[in-house]
Amino acid sequence: MLALQFFGALSKWVDGCVIDYRDFFAADDGEADAVIQWLNDHPHPIVRHRCAYSWNWDNGHRVLGWIVSQPTCDRATAIHVFWAARPHEVLDPTSEFTASYLEDRSSVYNLLELIADLIGDGRFTEENLETQWSEDWEQGTRRFASMLSPSKLHAKWERALAFLPKRPIFEWNAHPGFPEGIPSEIYFANVDIGSSPRMAH
């Protein structure tokens, strides 16, 4: 009953919101700008996929938001970011973190909502790359589904539930060219990314 009340209130709250992703992307530091500029200069989808896959989430979420926002973002990349954000925990009414996520419009919640909105806009149709798919994420999808089915939550989350890989692999080590997800030439140039994360997961 508590879950139904929670999700009913959440659905009304989400329906009444106009999301301005400029606010989400505004919070920034120079380190994220440096990574984004590098990625902009290296536009191949697999480069951005390796960055997202290797990303240390303690470094914040702005770079991930930029990657999934790009028109050439591969479906596998967006899937990885979406499920690595653990929506089954962020939107869990029994989680101690959920109330603060929703109240503060945290960057993790905004990242999930951004991807869900882009799915609704028909993005991420091309899946040419592979991504990790673990038993933990499989359990997460079942938990997410059990949360959504009785709740009549906003349709965007129903669409997101079906956002699963078509060509999964179960293990892929982080790419050595992206320590903590940061391009090596930036990382080893002593750009201080993540020492004081402003949007830590």
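1. Start with α3 and α4 in this predicted model. These two helices pack with their axes 9 Å apart, at an angle of about 150°. Angles over 145 degrees count as roughly antiparallel, so α3 and α4 are roughly antiparallel to each other.

2. Now look at who meets whom. From α3 come Val35, Trp38, Leu39 and Asn40, and they meet Val47, Arg48 and Cys51 of α4. Sorted by class, this contact has five nonpolar residues, one polar and one charged.

3. Next, find the largest nonpolar core, which has 46 residues. The members that touch the most other members are Leu39, Val63, Val68, Phe82, Phe124 and Trp157. You've already met Leu39 in the contact of α3 with α4.

4. Where do the core residues come from? At least two are supplied by each of α3 (30-41), α4 (45-54), α5 (62-69), α6 (75-84), α9 (107-120), α10 (135-148) and α11 (155-161). The largest share is from α9, with nine residues.

5. Phe124 is worth clicking on. Skip its neighbours within four places in sequence, and Phe124 is in contact with Val68, Cys73, Arg75, Ala78, Ile115, Leu118, Ile119 and Phe163. One of these, Val68, is on the list of core members that touch the most others.

6. Last, have a look at α5. How many of its eight residues are buried? Seven are, so to speak of α5 as mostly covered is fair. The buried ones are Arg62, Val63, Leu64, Gly65, Trp66, Ile67 and Val68. Val63 and Val68 turn up in point 3 too, among the core members with the most contacts to other members.

Terms used:
Residues are numbered from 1 along each chain as its sequence is written. This is a predicted model: local features need pLDDT of at least 70, side-chain atom pairs count only at pLDDT 80 or more; totals for chains, interfaces and linings use all residues. Side-chain values use heavy atoms; hydrogens and water are left out. A nonpolar core is a set of buried Ala, Val, Leu, Ile, Met, Phe, Trp, Tyr and Cys residues joined through side-chain atoms within 4.5 Å. Buried means under 20% relative accessible area, exposed over 50%, partly exposed in between (1.4 Å probe, protein chains only). Helices (H or I, at least four residues) and strands (E, at least two) are DSSP runs, numbered from the N terminus. Contact means heavy atoms within 4.5 Å. Axes are lines fitted to C-alpha atoms, for helices over the stretch in contact, and angles run from 0 to 180 degrees between N-to-C directions. Angles under 35 degrees count as roughly parallel, over 145 as roughly antiparallel, 65 to 115 as roughly perpendicular and the rest as oblique. Ala, Val, Leu, Ile, Met, Phe, Trp, Tyr, Cys and Pro count as nonpolar, Asp, Glu, Lys and Arg as charged, and the others, Gly among them, as polar.
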